[in-house]
Amino acid sequence: MSKTIAINAGSSSLKWQLYKMPEEEVLAAGVVERIGLKESIVTVTYNGKKERQTLDIADHGQAVKILLDDLIQFGIIASYDEITGVGHRVVAGGENFKESVLVDDDVLAEIEDLAALAPLHNPANAAGIRAFKEILPDITSVAVFDTAFHTTMQPHTYLYPIPQKYYTDYKVRKYGAHGTSHFYVANEAAKYLGKPIEELKLITAHIGNGISITANYRGQSVDTSMGFTPLAGPMMGTRSGDIDPAIIPYLVEHAPDLADAAAVVNMLNKQSGLLGVSGLSSDMRDIEAGLQAKDKHAVLAYNIFIDRIKKFIGQYFAVLNGADAIVFTAGMGENGPLMRQDVIEGLSWFGMHIDPEKNETRGISGEISTPDSKVKVLVIPTDEELVIARDVEKLKK
């Protein structure tokens with residue numbers, strides 16, 4: 001029996017699923033949350049059971065070791081030899097990788113070299129790959145790139161309006177991210193709507209700690225909100241999203257705690273977004289608790305958050321010249337009724353209306369718009385791990 005583990009390492013989380021392949025049967029699943037913070041949460045689900053631990057987990061390498069130990073500890077596998085393939089989500093493939101590839105030393109080196117394009121992710125992705133290669137050196141190891149799905153974007157979309165030498169010499173362009181998620185939920189939306197994806201125009205909204213919005217035209221990415229790095233786009237958990245680039249040299253000159261551009265970019269990646277504005281947390285659950293308490297900083301953070309998401313969805317109506325459906329996915333997208341309601345209410349001109357009762361869904365696929373909505377609004381849980389596992393099967397030796 002072939003067993004493949006799919007690893008999806010986010011900036012502060014590590015999700016995994018163990019599959020029996022090619023049947024695509026999930027044998028176990030888990031997530032490590034709050035990596036790098038105190039009281040990290042480790043959850044493992046298998047055979048109808050759910051095990052939960054609270055630990056302090058410093059980095060993704062430690063998280064990988066814990067999840068592999070849990071597979072043995074809970075009797076999910078008898079030995080590591082049962083795992084024959086591992087697929088790793090890698091955020092930035094640049095222009096180097098337009099599809100999933102087998103991992104060797106050269107590929108791993110390239111992933112690390114591309115860290116400038118995804119400073120919160122590629123180092124974590126590479127650490128996870130190294131941890132697995134150390135423990136399971138002989139299994140098939142595959143890198144699945146978030147950016148690959150967005151390679152269908154055209155030059156007028158992915159190029160920035162700066163002198164072209166910075167693209168030709170330094171590869172400065174929009175790359176996007178969350179490609180496996182956007183690919184998966186768009187295809188699932190087509191199934192739900194009962195139409196071939198080649199006939200649809202969709203706006204997919206991956207709203208988790210990281211956020212990206214994608215315009216999908218007939219099954220292909222034609223524009224997406226993340227850019228040269230995952231820092232671009234709407235406001236996120238700890239990331240600022242789009243800002244005026246002139247802010248960077250201004251802060252270097254005037255802010256004593258920001259010595260250079262790298263310090264500003266670090267602040268924009270790790271100390272901004274919901275966390276920076278609210279001063280409370282990067283977690284929307286904490287922000288919503290602040291709303292209930294009428295904390296003015298939480299209210300401001302929430303209002304900026306909703307404003308930026310609405311603006312990106314609105315511009316993709318223009319890119320696509322209309323849309324058949326909006327699809328919410330990822331942590332907040334799947335489990336945030338208040339956020340979904342406020343975003344769609346602000347876009348009602350496009351003929352979208354939320355059914356309050358349907359909108360109470362959490363983590364379940366379904367339509368949350370009213371029957372008379374001209375544009376359907378769907379919630380579809382993403383399954384990046386399944387996309388990863390499928391690519392491992394395609395590339396197995």
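This report describes the strand pairing, salt bridges, pocket and cavities of a predicted model.

**Sheet and helices**

An open sheet is built from six strands, with mixed pairing and the order S11-S10-S9-S12-S14-S13. Strand S11 (220-224) and strand S13 (366-367) are its edge strands, and each of them pairs on one side only. Within this sheet, strand S9 (residues 201-207) and strand S10 (residues 211-217) run antiparallel and are joined by seven bridges. One point of reference for this pairing is isoleucine 203, whose bridge partner in S10 is alanine 215. In general terms, the strands of a sheet pair through backbone hydrogen bonds, in either a parallel or an antiparallel manner.

Two helices can be placed relative to these strands. Helix H6 (residues 179-193) lies across S9, S10, strand S12 (325-329), S13 and strand S14 (376-379), and runs at about 130° to S9. Helix H13 (residues 337-345) lies across S9, S12 and S14, and its direction is at about 155° to S12.

**Antiparallel pairs S2-S3 and S3-S4**

Strand S3 (residues 25-33) pairs with strand S2 (residues 13-21) in the antiparallel sense, over eight bridges. S3 also pairs with strand S4 (residues 40-46), again in the antiparallel sense, over five bridges. Glutamate 33 of S3 appears in both pairings: serine 13 stands opposite glutamate 33, and glutamate 33 stands opposite isoleucine 41 in S4.

Both pairs are hairpins. The hairpin of S2 and S3 has three residues between the strands, and glutamate 24 in the turn has a positive phi of about 65°. The hairpin of S3 and S4 has six residues between the strands, and there arginine 34 takes a positive phi near 60°.

**Salt bridges**

The structure holds 15 salt bridges. The table lists some of them, with the N to O distance of each pair.

| Basic residue | Acidic residue | N to O distance |
|---|---|---|
| Arginine 89 | Aspartate 146 | 2.8 Å |
| Lysine 171 | Glutamate 95 | 3.5 Å |
| Arginine 173 | Glutamate 95 | 3.0 Å |

The side chains of arginine 89 and aspartate 146 meet in a salt bridge. Arginine 89 lies in strand S6 (residues 83-90) and aspartate 146 in the loop between strand S8 (140-145) and helix H4 (155-158), so this pair ties together parts that are 57 residues apart in sequence. Arginine 89 and aspartate 146 are both buried.

Glutamate 95 takes part in a salt bridge with lysine 171. Lysine 171 lies in the loop between helix H5 (165-168) and H6, while glutamate 95 lies in the loop between S6 and strand S7 (101-102); the pair therefore ties together parts that are 76 residues apart in sequence. Lysine 171 counts as partly exposed because its relative accessibility is 38%. Glutamate 95 likewise counts as partly exposed, at 23% relative accessibility.

Glutamate 95 also forms a salt bridge with arginine 173. This pair links distant parts of the chain, 78 residues apart, with arginine 173 in the loop between H5 and H6 and glutamate 95 in the loop between S6 and S7. Arginine 173 is buried because its relative accessible area is 8%, which falls under the 20% limit for that class. Through shared partners, salt bridges join Glu95, Lys171 and Arg173 into one network.

**Second largest pocket**

The second largest pocket holds about 670 Å³ of space. It is lined by 22 residues, of which Tyr160, Phe228, Ala232, Asp242 and Ile243 are the closest to its centre. Helix H8 (261-270) and helix H11 (296-320) are the elements that give two or more residues to this lining. The largest share comes from H11, with three residues.

**Cavities**

The model contains three cavities of 30 Å³ or more. The largest cavity has a volume of about 40 Å³. Its lining consists of Val91, Ala92, Leu117, Thr147, Tyr175, Gly176, Gly227, Phe228, Thr229 and Pro230. Phe228 thus appears in the lining of the largest cavity and also among the residues closest to the centre of the second largest pocket.

Conventions
Residues are numbered from 1 along each chain as its sequence is written. This is a predicted model: local features need pLDDT of at least 70, side-chain atom pairs count only at pLDDT 80 or more; totals for chains, interfaces and linings use all residues. Side-chain values use heavy atoms; hydrogens and water are left out. Two strands pair if DSSP finds at least two bridges between them. Helices (H or I, at least four residues) and strands (E, at least two) are DSSP runs, numbered from the N terminus. Contact means heavy atoms within 4.5 Å. Axes are lines fitted to C-alpha atoms, for helices over the stretch in contact, and angles run from 0 to 180 degrees between N-to-C directions. A salt bridge is a side-chain nitrogen of Lys or Arg within 4 Å of a carboxyl oxygen of Asp or Glu. Buried means under 20% relative accessible area, exposed over 50%, partly exposed in between (1.4 Å probe, protein chains only). On a 1 Å grid over the protein atoms alone, a cavity is a set of points where a 1.4 Å probe fits but cannot get out, and a pocket is an open set with protein on both sides within 12 Å along at least five of seven lines; lining residues have an atom within 4 Å of a point. Grid points are joined across faces, edges and corners, and a volume is the space filled by probe spheres set on the points.
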